[in-house]
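Reader: I would like to go through a structure feature by feature. Please give the general idea each time, and then the case at hand.

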Amino acid sequence: MEVNQDRSHPFVRFLRERRWLSLAIVATGVALLLAVGIPVLSGQGGVAANAVEREPDGSIRIYPRDYKHPEVIEGKLRNFGVESVVLFLPIGKECKEPRAEYAPDNPKLFTSESPPEGEAAFWRLHPEQIKPGQTLVYSLWYQDDGHGLMVGGRIQVATGPVAPCQIVSGGLRRETGPEGGIGG
C-alpha cells in the first residue's frame, strides 16, 4: 500500500489538494441525507408526499399526503396516460355540480388496501377501467388539523369536459352529534 510522507493515504492528499471536490462530496452527502433520511425518520416510509407509482401489473399507486398540491398528482397521472382532475377540499366544502357528465360508478376503478407492515397507505387506480376520452375526477376531503387528515373521497369518471370547480358549502362535514364522526 502506498503511503505519503505524512503517513496518509494518497486519496487523503488528493482531497486536501482539491478542497472544492471535498466540499462537493460533503454537500452531496448532506443532500442525500436530507432527501432520504428525513422522510424515513418522519414515518413516511420513504414515499414522498403525493407520490404516484406504476406497478408491474399496470395499476397505479397514489399516496395522497399533504392536501395542498393536487396538480402534482394530476401531472404524474398524466405522465402515465391518465387524464385527471384532482381536488383537495376542506371538510364542509364541495364543487358546485354538475361539472361534467359522469359514467356510472365502477367499483373496479379504485381499490383501497391495507399496506404491508411498515409501508405507507395508498389508493390503487386501475387505469384500464378508464376509456379513451374519459377523465378521472378524484376529490378528497381533508381536515386541516396541521397534519392534513384525509377523511373521505369521491372517484368519478367524466365522459366529456370537466368544468372548473366553483367551491360551495356542502360535501363532507364534521358531525356534532354524540358519535362525533364524519357525515355527508
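Author: Start with burial: a residue counts as buried if its relative accessible area is under 20%, as exposed if over 50%, and as partly exposed in between. The model here is predicted. Of the 184 residues in its chain, 32% count as buried.

Reader: Which elements make up the chain, and in what order do they run from the N terminus?

Author: The chain has 3 helices and 11 strands. From the N terminus, the order is α-α-β-β-α-β-β-β-β-β-β-β-β-β. Among contacts with a separation of 6 or more, 52% are between residues 24 or more positions apart.

Reader: How many disulfides does a search of the whole structure find?

Author: A disulfide is read from the distance between two cysteine sulfur atoms, with a cut-off of 2.5 Å. The search finds 1 disulfide. It is formed by Cys 95 and Cys 165, with the sulfur atoms 2.0 Å apart. Cys 95 belongs to strand E4 (residues 93-95) and Cys 165 to the loop between strand E8 (149-158) and strand E9 (167-169), so the link ties together parts 70 residues apart in sequence. The angle about the S-S bond is -105°, and the link is left-handed.

Reader: Are Cys 95 and Cys 165 buried or partly exposed?

Author: Cys 95 has a relative accessible area of 6% and is buried. Cys 165, at 27%, is partly exposed.

Reader: What is in contact with Arg 99, leaving aside its neighbours within four places in sequence?

Author: Its contacts include Cys 165, Val 85, Leu 87 and Val 137. Arg 99 sits in the loop between E4 and strand E5 (110-113).

Reader: Which side chain of opposite charge is nearest to Arg 99, and how far away is it?

Author: A salt bridge needs a nitrogen-to-oxygen distance within 4 Å. Glu 97 is the nearest side chain of opposite charge, at 4.7 Å, and Arg 99 is buried without a salt bridge.

Reader: How many aromatic pairs are there?

Author: A pair of aromatic rings is described by the distance of the centres and the angle of the planes. The count here is 5 aromatic pairs. In one of them, the rings of Tyr 63 and Phe 122 have centres 5.7 Å apart and planes at 55°, so the pair is tilted. Tyr 63 is in strand E2 (residues 60-63) and Phe 122 in strand E6 (residues 122-125), so parts 59 residues apart in sequence are tied together. Both residues, Tyr 63 and Phe 122, are buried. Tyr 67 and Tyr 142 form a stacked pair, with 5.7 Å centre to centre and 15° between the planes.

Reader: Which residues do ring pairs link into a cluster?

Author: The cluster consists of Tyr 67, Phe 88 and Tyr 142. Both Tyr 67 and Tyr 142 are buried.

Terms used
Residues numbered from 1 in each chain as written. Predicted model: local features only at pLDDT ≥ 70, side-chain atom pairs only at ≥ 80, totals over all residues. Heavy atoms only, no water. Helix = DSSP H or I, 4+ residues; strand = E, 2+ residues; numbered from the N terminus. Buried < 20%, exposed > 50% of the residue type's maximum accessible area, 1.4 Å probe, protein only. Lys, Arg positive; Asp, Glu negative; His and termini not counted. Contact = heavy atoms within 4.5 Å. Phe/Tyr/Trp six-rings, centres within 6.5 Å; stacked < 30°, edge-to-face > 60°.
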